[in-house]
Protein chains: 2
Amino acid sequence: MLQDTWPKPLYQTIKNYVLDHIDSGKWKSGARIPSESEIVKILGASRMTVNRAIRELSVEGRVTRIQGVGTFVAEPKPKATLLEIRSIGEEISQRGGIHSCRVILQRSEPASKSVATALNMAPNSPVFHVYMVHRENGRPMQIEDRYVNPAVAPEFLDLDFTQITPSDHLLDLLPVTEIEHKISSRLADKQECDLLQISPSEPCLELCRRSWSGNRTVTHVRMVNPGSKYNVGGRFHVSDMTHS
Amino acid sequence: MLQDTWPKPLYQTIKNYVLDHIDSGKWKSGARIPSESEIVKILGASRMTVNRAIRELSVEGRVTRIQGVGTFVAEPKPKATLLEIRSIGEEISQRGGIHSCRVILQRSEPASKSVATALNMAPNSPVFHVYMVHRENGRPMQIEDRYVNPAVAPEFLDLDFTQITPSDHLLDLLPVTEIEHKISSRLADKQECDLLQISPSEPCLELCRRSWSGNRTVTHVRMVNPGSKYNVGGRFHVSDMTHS
DNA sequence: GGACTATACACGTATATACAAGTCAATATT
DNA sequence: AATATTGACTTGTATATACGTGTATAGTCC
């Protein structure tokens, strides 16, 4: 921001040099920037140092590199903020509560049309289905309605979800590479009111999530929380992807 | 997951070596790991290569380094998923809609007790306050109720928010380093019903956000969306912080 | 013309070396 | 005893050098 006059490392100076040209518009989005050896000539640093600077810009998403071709200014990021959504078990235990749950349904069933679409599978092929209620200190806090792709978690039906939540198990099992979220507000239906012990006029938060690992759809989950008892939230620290 | 048998770069092998020791529990959380020169002796790589490997693990948050002291295993990350929340202007224009807005209030006012707490300021010190309604194709979509720390954005009152949304302006102005979100579901009050043109029984999504830049609190915003017309969501790609 | 090849150039990785800078403890000095 | 110095060890940065790998193109041969 303001002048950091502290002695910057050279690789940081090089990063700033590139970022300045990008941010000022001299190097436009998608354009090629000078090669490493050209920057060596321009700035007089060694190629290793230039390489480190630009490699870091690459992992920070500011430039894209293609071996044998060159380095290009990356498209600007869409304006967005990130919200961290913790697993319900973690959240409850973090505030000192006792988590328990009631598993209402845990079975394999043929995929309905909508579930098959969500999981990118053929209709009527088997999917694992879990329907359960999470409780904090005995009070119902969340309905979890989850479908899982059997190919990625064949052991899913044998698990004891009073010991580990489905979410935690899947996060342990495989790396999540992509997530789609939808959060909406609506009124609960009769069954949900019964399970959550709330009145029919109470607004609920519904959080739907689909997640992928590589090119495989892992799971589709719908979580319903009573608005009066629960709200999703969290604090997120942006690991430094700063300019300068 | 399974062993990729493709020829790994040496620095990746070193990263895996360290990660294996961490994940297997041989090097426990908080413990010191061998120094660079020790790993040089163990693995036979050069110090520069070891340095790159461990530096990358450092930015990936797996280890913490202290110059002159050593390298330590970082605390494990809490289980969480990330939700990307786009700015409303972006979201509307992305689906082809026309964004407009009505600025109801844009002024400086003394901070109430709750606002002062939220922004970490003294009560009654001046804060900037904006209250506005965002519209998509002329239909009200969101109420934005925002307080801004005057110290970080002194020009805030002079802006024309029909041209750029407050969120976009602040994101352009300074890097956000920390964000706190809370999403809840509730019924709108009478004024909100009028502004959003909804019925009093319709559940609404309320998204509260506080954001920081460095050690300064930047803004506190409350956004109210009618549940029938709007839901927050998005797709998030996890940039590869994989093991192996 | 079309296919192949040589070549130049880009980024990717690895090493050896050097010095700077921060921390800590043992030792010397006052 | 309190303080200062020194030295060992740590990470941080910078360079010169080398070779590997991927891409594009100009030129050559058929």
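How many bridges join strand β8 of chain A to β11(B), and do the strands run parallel or antiparallel? Keep that in mind as you open this predicted model, and select residues 178-187 of chain A together with β11(B). Six bridges join the two strands, which run antiparallel. To find your place in the pairing, pick A:Lys182: B:Gly233 in β11(B) stands opposite.

Next, widen the selection to the contact between the chains. Chain A gives 42 residues to this contact, and chain B gives 42 residues. On the chain B side, colour β4 (80-86), α6 (166-173), β8 (178-187), β9 (203-213) and β11 (232-237), each of which supplies at least two residues. The largest share of that side, 10 residues, belongs to β8(B). Colour the side of chain B that touches chain A by class and you will find 19 nonpolar, 13 polar and 10 charged residues.

Now turn to the largest nonpolar core, which has 34 residues. Select A:Ile183, A:Leu205, B:Ile183 and B:Leu205, the members that touch the most others in this core. Stay on A:Leu205 for a moment: leaving aside residues up to four places away in sequence, its contacts include A:Ile183, A:Tyr230 and A:Val232, along with B:Ile183, B:Ser184 and B:Ser185.

Finish at DNA strand D, with 22 residues around it. Show A:Leu10, A:Met48, A:Thr49, A:Gly68 and B:Ser35, which come nearest. Then add the elements that give two or more residues to this surface: α1 (10-23) and α3 (47-59) of chain A, and α2 (36-43), α3 (47-59) and β3 (70-73) of chain B. By class, the surface near DNA strand D has 11 polar, seven nonpolar and four charged residues.

Notes. Residues are numbered from 1 along each chain as its sequence is written. Chains are lettered from A and ligands numbered from 1 in the order in which they are written. This is a predicted model: local features need pLDDT of at least 70, side-chain atom pairs count only at pLDDT 80 or more; totals for chains, interfaces and linings use all residues. Two residues are in contact if their C-beta atoms, placed from the backbone, lie within 7 Å. Helices (H or I, at least four residues) and strands (E, at least two) are DSSP runs, numbered from the N terminus. Ala, Val, Leu, Ile, Met, Phe, Trp, Tyr, Cys and Pro count as nonpolar, Asp, Glu, Lys and Arg as charged, and the others, Gly among them, as polar. Two strands pair if DSSP finds at least two bridges between them. A nonpolar core is a set of buried Ala, Val, Leu, Ile, Met, Phe, Trp, Tyr and Cys residues joined through C-beta atoms within 7 Å. A residue is buried if 20 or more other C-beta atoms lie within 10 Å of its own, exposed if 12 or fewer, and partly exposed in between; C-beta atoms are placed from the backbone. A residue is near a molecule or strand if its C-beta atom, placed from the backbone, lies within 6 Å of it.
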